[in-house]
Amino acid sequence: MKFTANLFALMTLSNLAHGISGQVLDTSGEPIYGASIEVAGSRLQTQTDAQGRFSLEVNTSQLREIHINAPGHSHKTIVLQAGQDEPLKVTLQHTVIEQIDVTATPLHASTIESAQPVTVVAGEELRRKQASTLGETLKNEVGVHSSYFGPVASSPIIRGLNGPRVLITQNGLDSADASRVGPDHIVATETITAEQIEILRGPATLFYGSGAIGGVVNVVDERIPTSGENRTAYSLGNNTVADEREASLAHTGGNDQLAYHVDSFWRKGDDYEIPTSSDYGEESSGVLENSDSKSKGFNIGGNWFLDNGSIGLAYGRLERVNGIPGHGHSDEHEDDESEHHDEHEEEIEVVSDLKQDRWQLVSELSLDNVWLSGLDTRIGYTDYEHSEIENDAVGTTFSNQTLQARVNLLLQERAGWRGAITLESKTTDFEAIGEEAFTPPSTTENSAIGLIQEKHTGEFLWQLGARVERVTVEAADDEWEGENLDKLAFTPYSVSAGLVWDIAANYNAGISFTHAQRAPSAAELFSYGPHIGTSSFEVGALFKLDDDTEEPYFYYENNVDEEVSNNIDLSFRRHSGNIGWVLNLFYNQIDNFYYERNTGYTSEDFEEHDHEQEEEGHDHGELPVYVFDQADSTLYGLEAEFAWQLSKPLTLTLWGDTIRGKLDDGGNLPRIPPMRLGGMLNYSSNGWDAGIEITHAFKQTKVAELETTTAAYTLLNTELAYTFLGNQNNLTVYLKANNLTDELAYVHSSFLKELAPLPGRSFSIGLRGSF
């Protein structure tokens with residue numbers, strides 16, 4: 001009899017279906033309401049009622065996996081024998097570590113069912129951590145840091161890697177902004193309307209390709225609603241450090257056939273306050289100039305529910321205007337009122353004006369044939385542009401148009417193996433035009449095919465995968481100093497093997513090995529010019545420095561290679577009970593690693609650049625020259641998290657991480673984050689929630705050549721909230737205080753380390769609720 005893995009097939013073959021029913025209880029024998037029951041490899045799922053009972057119609061003629069989970073409880077996987085239809089009695093263990101399903105992978109997975117470390121921030125935890133940028137929202141997650149370009153732009157750094165190695169996605173599709181070109185460009189996703197944020201540490205190339213060789217951050221929202229249940233959520237907030245005001249509203253509604261969703265947000269903040277002393281020899285003014293911002297956006301979408309799946313479409317608009325701290329330069333002009341026409345220099349502040357339009361189509365269909373159980377399709381088109389404005393005139397415009405399509409073919413189970421084939425195509429047209437266009441217009445085309453498989457055998461979950469890509473990178477401006485820039489083609493591939501072992505009750509371990517390759521980005525290859533946002537003159541890997549002559553110069557030479565990573569991850573977890581912990585160890589050997597090396601020269605050492613400056617009339621000063629070099633490197637470290645529910649209302653959480661990044665020939669990689677330790681004590685009872693949090697970053701002394709050390713710092717934060725609970729609605733009022741001691745804190749991974757410390761003492765007040 002043919003294996004069936006979806007609800008549509010069950011409806012058409014109802015004479016072969018059997019009822020699987022049961023009850024889900026906690027360890028005290030009390031029923032669990034709202035527990036999710038999902039049949040692996042199918043769309044079939046349900047929830048328990050008030051008595052903890054559930055029932056499903058499912059073909060039990062073959063082996064089936066049932067996944068059961070509930071908030072505050074550990075996940076459970078039950079393997080049913082062929083033909084089994086006896087009622088089930090399932091007991092779920094209490095857990096202090098929340099276990100949430102991950103949407104970023106084609107197959108079912110949760111935070112404890114993956115061989116590679118995965119973190120999900122959702123619900124009230126996400127609301128408490130939400131900040132104006134993605135990097136600041138996630139900066140205290142274990143193994144995650146922030147590039148921190150002041151409060152206006154901040155991207156996540158995963159295990160010391162960011163930029164083109166960490167893929168930022170929204171509902172599984174590339175965010176398609178300019179954030180991977182430079183840290184002064186924002187990530188064009190909004191956390192205030194997100195439902196959950198998923199962090200895949202280590203290479204996620206099997207799912208997303210070579211641009212995810214360092215990891216993935218997937219921002220999940222409801223712009224394409226998953227149900228027609230009527231729900232409205234809202235929030236209002238204000239903080240003192242930048243007098244930042246924000247508001248958001250989201251509504252989902254519909255019925256069993258058609259659902260719709262609309263959300264919007266607004267945020268405005270002034271220049272933010274910083275502590276007034278300085279460890280770098282200059283007294284600060286107490287305010288970071290040109291760090292104000294205002295943003296707004298909305299999403300609208302709908303989903304049509306079919307007998308065998310759904311088809312959804314959404315449109316989103318994002319607008320943001322913000323200053324760029326440190327992105328200023330002197331402009332020479334003549335004073336006409338002076339008899340001698342004296343020249344004066346005026347500091348010009350630069351403002352970024354961003355607009356993004358984003359379309360998404362998502363289809364999830366169940367199938368019934370010999371080979372496939374389902375077909376998932378995601379198509380996205382993003383039109384992104386931001387202009388850097390000087391004195392009300394556009395100086396430089398960055399634009400990025402991306403068309404992406406991904407199809408997951410969900411395979412029928414064979415000999416206990418479940419899996420998916422992924423087909424993907426993506427085209428990116430990037431362009432920078434203007435006075436500070438440090439990289440020429442370029443087109444990057446990517447096509448890929450991948451396969452993932454997994455199988456449960458007793459206490460073991462085996463996970464295998466492979467992916468091969470074809471990547472071409474071409475500069476539209478194909479001439480440099482009389483040299484034609486080649487159209488470059490790469491064929492990176494990735495393979496992975498992982499194992500999750502249920503060692504004993506409440507404990508499991510995961511191990512994974514990934515061999516991954518990455519094609520370099522257009523910016524890493526073609527850059528040649530002043531990148532004022534990072535106060536540097538950037539030179540791509542296609543240009544080689546000859547400093548053996550009296551005057552140094554660059555020449556064109558095409559000898560670049562793919563980056564090659566061999567990564568091992570070990571994870572140990574206690575996932576049930578009043579004590580829970582996770583320990584991750586990783587070792588990543590990367591050959592041909594692309595990194596920006598400080599040459600020790602400045603832009604004034606190159607006559608060609610001096611001539612360009614005179615023509616443009618801008619004085620950028622002596623910018624340090626950074627060149628993208630390739631070198632064999634090693635990154636390794638550990639991440640640890642410990643949670644202890646001391647009593648029913650009181651929970652203690654401790655965490656820490658450390659990363660070591662070295663060049664194999666000697667020396668350190670630049671901007672590697674320091675070791676950190678943190679702890680939080682939470683109280684939750686009768687609607688009250690209170691917490692106190694301490695984070696300590698150690699002094700970073702393991703620095704690259706020509707890089708300065710960064711002092712240690714300790715931050716103290718507190719929060720108090722009260723939730724008014726109703727039958728169908730709730731309202732939470734909160735008060736937060738960040739950096740209570742007004743500590744001066746510099747971020748080692750930031751290009752603006754010495755200019756833009758973390759904010760000073762801040763108080764926030766706000767409310768959020770739903771009905």
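How many aromatic pairs does the structure hold? The count is 18. I'll come back to a couple of those pairs, but let me say at the outset that we are looking at a predicted model.

First, a quick overview. The protein has 771 residues, and 56% of them are buried. DSSP-style elements come to six helices and 44 strands. If you take the contacts with a sequence separation of 6 or more, 64% of them join residues 24 or more positions apart. On the outside, the protein exposes about 31900 Å², with carbon and sulfur atoms supplying 52% of that area.

Now, back to the rings. A pair of aromatic rings is described by the distance of the centres and the angle of the planes. Take phenylalanine 398 and phenylalanine 438: their centres are 6.4 Å apart, with 55 degrees between the planes, and the pair is tilted. Where do these two sit? Phenylalanine 398 is in strand β22, residues 393-414, while phenylalanine 438 is in the loop between β23 (417-434) and β24 (442-457), so the pair ties together parts that are 40 residues apart in sequence. Both rings are tucked away: phenylalanine 398 is buried at 2% relative accessibility, and phenylalanine 438 is buried at 1%.

Compare that with tyrosine 528 and phenylalanine 537. Here the ring centres are 5.4 Å apart and the planes stand at 85 degrees; because an angle over 60 degrees counts as edge-to-face, that is what we call this pair. Phenylalanine 537 has a relative accessibility of 3% and is buried. What about tyrosine 528, at 17% relative accessibility: buried or exposed? Buried, because the cut-off is under 20%. These two rings also belong to an aromatic cluster, together with Phe543, Phe554, Tyr556, Tyr601 and Phe606.

One more ring before we move on. Arginine 165 lies over the face of phenylalanine 593, at 4.0 Å from the ring centre.

Let's return to β22, because glutamine 404 is found in that strand. Glutamine 404 is a polar residue to look up in your viewer, and its relative accessible area is 3%, so it counts as buried. What does its side chain meet? A polar atom of that side chain lies 3.0 Å from the backbone nitrogen of aspartate 174. Leaving aside neighbours within four places in sequence, the contacts of glutamine 404 include Leu173 and Asp174, then Arg378, Ile379 and Gly380, and also Glu424, Ser425 and Lys426.

Residues 173-174 happen to be strand β12, which takes us to a sheet. Five strands form this open sheet, in the order β8-β13-β14-β11-β12, and the pairing is mixed. At its edges are β8 and β12, each of which pairs on one side only.

I'd like to finish on β8, residues 118-122. How many of its five residues are buried? Five of five, and the strand is mostly covered. Val118, Val120 and Ala122 point one way from β8, Thr119 and Val121 point the other way, and all are buried. The partner of β8 is strand β13, residues 196-201, and the two run antiparallel over five bridges. If you want to trace the register on screen, valine 118 stands opposite leucine 200 in β13, and valine 121 has isoleucine 197 as its bridge partner.

That's my tour, and thanks for listening!

Definitions and conventions:
Residues are numbered from 1 along each chain as its sequence is written. This is a predicted model: local features need pLDDT of at least 70, side-chain atom pairs count only at pLDDT 80 or more; totals for chains, interfaces and linings use all residues. Side-chain values use heavy atoms; hydrogens and water are left out. Helices (H or I, at least four residues) and strands (E, at least two) are DSSP runs, numbered from the N terminus. Buried means under 20% relative accessible area, exposed over 50%, partly exposed in between (1.4 Å probe, protein chains only). Contact means heavy atoms within 4.5 Å. Accessible areas come from the Shrake-Rupley method with a 1.4 Å probe; for residues, only the protein chains shown count as cover. Two strands pair if DSSP finds at least two bridges between them. Rings of Phe, Tyr and Trp (its six-membered ring) pair if their centres lie within 6.5 Å; planes under 30 degrees apart count as stacked, over 60 as edge-to-face and the rest as tilted. A charge sits over a ring if NZ of Lys or CZ of Arg is within 6 Å of the ring centre and within 35 degrees of the ring normal. A polar contact is a pair of N or O atoms within 3.5 Å; within protein, one must be able to donate a hydrogen and the other to accept it, and residues adjacent in sequence count only if both atoms are side-chain atoms.
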